[in-house]
Amino acid sequence: MGGEYLATLAADQYLADDLVGDSVYTGPTNDSDNIGNINNLVINEDGTIAGLIVGVGGFLGIGEKEVLVDWSALDIQVTDGDLRVDAPTLTREELEAAADVDVDAMVLGRD
């Protein structure tokens, strides 16, 4: 291992907390539609991010469903140290029509 450990975050590194709870927008402009909120990240075995679990519909979490959005459909912008997630090819209607993901079943369904 060499005794080298990450002691600080580099300027181009962020925590998962910087994304979870944030909104997903249809584009980078201030008048872009908010199409959902990030509830979780899906991480591959190699440590890369496969996608996001996005909560759509409902009000204050009531009636919300969760959908899986592939990482390749997202555009991450960083402005003054703040992350912004855009899904320029998706609409709220598409996410609301997508299959509801049962995250608990996904986790429990593993060997």
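Q: Two strands pair if DSSP finds at least two bridges between them; what makes E3 and E4 a pair in the antiparallel sense?

A: This is a predicted model, and in it strand E3 (residues 49–56) and E4 are joined by six bridges in the antiparallel sense. The cut-off is at least two bridges, so they count as paired. For a look at single positions, Ile53 stands opposite Leu68 in E4, and Val54 stands opposite Val67 in E4.

Q: What elements does the protein chain have, and in what order do they run from the N terminus on?

A: The protein chain has two helices and six strands. The run is β-β-β-β-β-β-α-α, starting at the N terminus.

Q: What makes the pairing in the open sheet "mixed"?

A: The six strands sit in the order E4-E3-E2-E1-E6-E5. Go through the pairs: E2 and E3 are antiparallel over six bridges, and E1 and E2 are antiparallel over three bridges. E5 and E6 run antiparallel too, with five bridges. E1 and E6, on the other hand, pair in the parallel sense over two bridges. Both senses turn up, and the pairing in the sheet is mixed.

Q: Why does the E1 and E6 pairing count, with its two bridges?

A: The cut-off is at least two bridges, and E1 and E6 have two, so the pair qualifies. In E6, Asp86 is the bridge partner of Tyr25.

Q: Which strands are called edge strands in this sheet, and what makes them so?

A: The edge strands are strand E4 (65–70) and strand E5 (75–79), each pairing on one side only. As for the sheet's twist, the average is 45 degrees from one strand to the next.

Q: What is found at the turns of the hairpins?

A: The hairpin of E2 and E3 has five residues between the strands, and Gly47 takes a positive phi near 95 degrees there. In the paired strands themselves, Val42 stands opposite Gly51 in E3. The hairpin of E5 and E6 has two residues between the strands, with Asp80 in the turn at a positive phi of about 50 degrees. Along that pair, Gln77 stands opposite Arg84 in E6.

Q: Why is strand E6 called largely enclosed by the rest of the structure?

A: Buried means under 20% relative accessible area. Four of the five residues of strand E6 (residues 82–86) are buried, so the strand is largely enclosed. E3 is mostly covered as well, with six of its eight residues buried. For the whole protein chain, buried residues make up 25% of the 111 residues.

Q: Why is Thr26 called partly exposed?

A: The relative accessibility of Thr26 is 23%. Buried needs under 20% and exposed needs over 50%, so Thr26 lands in between and counts as partly exposed.

Q: Where is Thr26, and which residues is Thr26 in contact with, leaving aside neighbours within four places in sequence?

A: Thr26 is in the loop between strand E1 (23–25) and strand E2 (34–43). Contact needs heavy atoms within 4.5 Å, and the residues in contact with Thr26 are Ser32, Asp33, Ile35, Ala87, Pro88 and Leu90. The C-alpha atoms of Thr26 and Val85 are separated by 8.8 Å, with the two residues 59 apart along the chain.

Q: Why is Ala97 exposed?

A: Its relative accessible area is 66%, and the cut-off for exposed is over 50%, so Ala97 is exposed. Ala97 belongs to helix H1 (residues 92–97). The C-alpha atoms of Ala97 and Val67 are separated by 9.4 Å, with their positions 30 residues apart in the chain numbering.

Q: How do you know that Arg84 sits over the face of Tyr25?

A: CZ of Arg has to be within 6 Å of the ring centre and within 35 degrees of the ring normal. Arg84 lies over the face of Tyr25 at 4.0 Å from the ring centre. That distance falls inside the 6 Å limit. Tyr25 also has Asn34 as its bridge partner in E2.

Q: How many aromatic pairs does a search of the whole structure find?

A: Zero aromatic pairs. A pair would need ring centres within 6.5 Å.

Q: What share of the accessible surface belongs to carbon and sulfur atoms?

A: Carbon and sulfur atoms hold 51% of an accessible surface of about 7700 Å² for the protein chain.

Technical notes: Residues numbered from 1 in each chain as written. Predicted model: local features only at pLDDT ≥ 70, side-chain atom pairs only at ≥ 80, totals over all residues. Heavy atoms only, no water. Buried < 20%, exposed > 50% of the residue type's maximum accessible area, 1.4 Å probe, protein only. Areas by Shrake-Rupley, 256 points an atom, 1.4 Å probe, with all protein chains shown as cover. Axes fitted to C-alpha atoms, helices over the stretch in contact; angles between N-to-C directions. Phe/Tyr/Trp six-rings, centres within 6.5 Å; stacked < 30°, edge-to-face > 60°.
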